Amino acid sequence: MRTVFKTLAFVICGLVMLQAASHAWVSAGIAKYVAAGGDITMGTSDGAPPFPEAAGFMIHAMNGMFVIPLAAALLVIVAFLAKIPGGVAYAGLVLALTVVQVLLGLLGHGMTALAFLHGLVAMALFAAALLAGLRANRSRTTPGNHPAAATAATH
């Protein structure tokens with residue numbers, strides 16, 4: 001279970017990086033499209049936006065609304081089973097930050113200051129997931145079985 005916990009935590013880090021990358025991809029696509037004379041007036045278009053980077057909207061939405069919340073919930077469940085010291089607290093923090101992220105993402109369309117916070121909380125979510133995964137590694141090495149201690153004892 002320790003390996004599952006660690007893997008899920010690091011997968012969440014990767015998913016947060018995918019969020020940033022997909023958002024940057026869409027932003028660059030919008031800038032390029034508008035610079036070329038395109039119009040992105042909301043509500044005036046039928047169908048998909050006319051630039052390929054718009055696929056980043058779907059990636060960002062699906063990943064942020066479904067994949068990351070599912071992974072965060074699974075991390076909490078696995079944390080209880082893995083019995084990693086502090087693991088439940090870190091997993092709970094990851095889940096709480098994920099809930100905040102979803103809310104900020106939904107509300108940020110109407111209040112742009114919340115969209116700014118959405119970016120900041122993403123960094124906190126990444127850090128919390130990273131620390132959770134690292135905690136799983138650290139709790140495995142106790143003073144009695146640490147490789148450096150064994151090497152020092154033989155010299």
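This note goes through the predicted model point by point, from the whole chain to single residues.

1. On confidence, the model is a predicted one, and its mean pLDDT is 89, with 86% of the residues reaching 70 or more. The confidence is not even along the chain, for among the elements helix 3 has the highest mean pLDDT, at 97, whereas helix 5, which covers residues 147-154, has the lowest, at 51. A reader new to the structure may wish to keep these two values in mind when looking at the helices in question.

2. On the overall make-up, the protein has 5 helices and 0 strands, so that, by the way such elements are assigned, the order from the N terminus on reads α-α-α-α-α. Of contacts between residues at least 6 apart in sequence, 74% join residues that are at least 24 apart.

3. On burial and surface, the protein has 155 residues, and buried residues make up 31% of them. The accessible surface comes to about 9,300 Å², and carbon and sulfur atoms account for 75% of that surface.

4. On helix 2, which spans residues 55-82, attention should go to a kink of about 40 degrees that is centred on asparagine 63. Helix 2 is followed by lysine 83, the residue taken up in the next point.

5. On lysine 83, this residue lies in the loop between helix 2 and helix 3, and its phi is positive, at about 55 degrees, although the residue is not a glycine. Is lysine 83 buried or exposed? Its relative accessibility is 67%, and because a value over 50% is the cut-off for exposed, lysine 83 counts as exposed.

6. On leucine 97, this residue has its place in helix 3, which runs over residues 87-107, the element with the highest mean pLDDT. Leucine 97 has a relative accessibility of 16%, and because buried means under 20%, the residue counts as buried.

7. On the surroundings of leucine 97, which residues is it in contact with, once its neighbours within four places in sequence are left aside? The residues are Val121, Ala124, Leu125 and Ala128. For one of these partners, alanine 128, there is also a separation to report: its C-alpha atom and that of leucine 97 are 8.6 Å apart, while the two residues stand 31 residues apart along the chain.

Note on methods:
Residues are numbered from 1 along each chain as its sequence is written. This is a predicted model: local features need pLDDT of at least 70, side-chain atom pairs count only at pLDDT 80 or more; totals for chains, interfaces and linings use all residues. Side-chain values use heavy atoms; hydrogens and water are left out. The bend at a residue is the angle between axes fitted to the seven residues ending there and the seven starting there. Helices (H or I, at least four residues) and strands (E, at least two) are DSSP runs, numbered from the N terminus. Buried means under 20% relative accessible area, exposed over 50%, partly exposed in between (1.4 Å probe, protein chains only). Contact means heavy atoms within 4.5 Å. pLDDT is the predictor's confidence in each residue, from 0 to 100. Accessible areas come from the Shrake-Rupley method with a 1.4 Å probe; for residues, only the protein chains shown count as cover.
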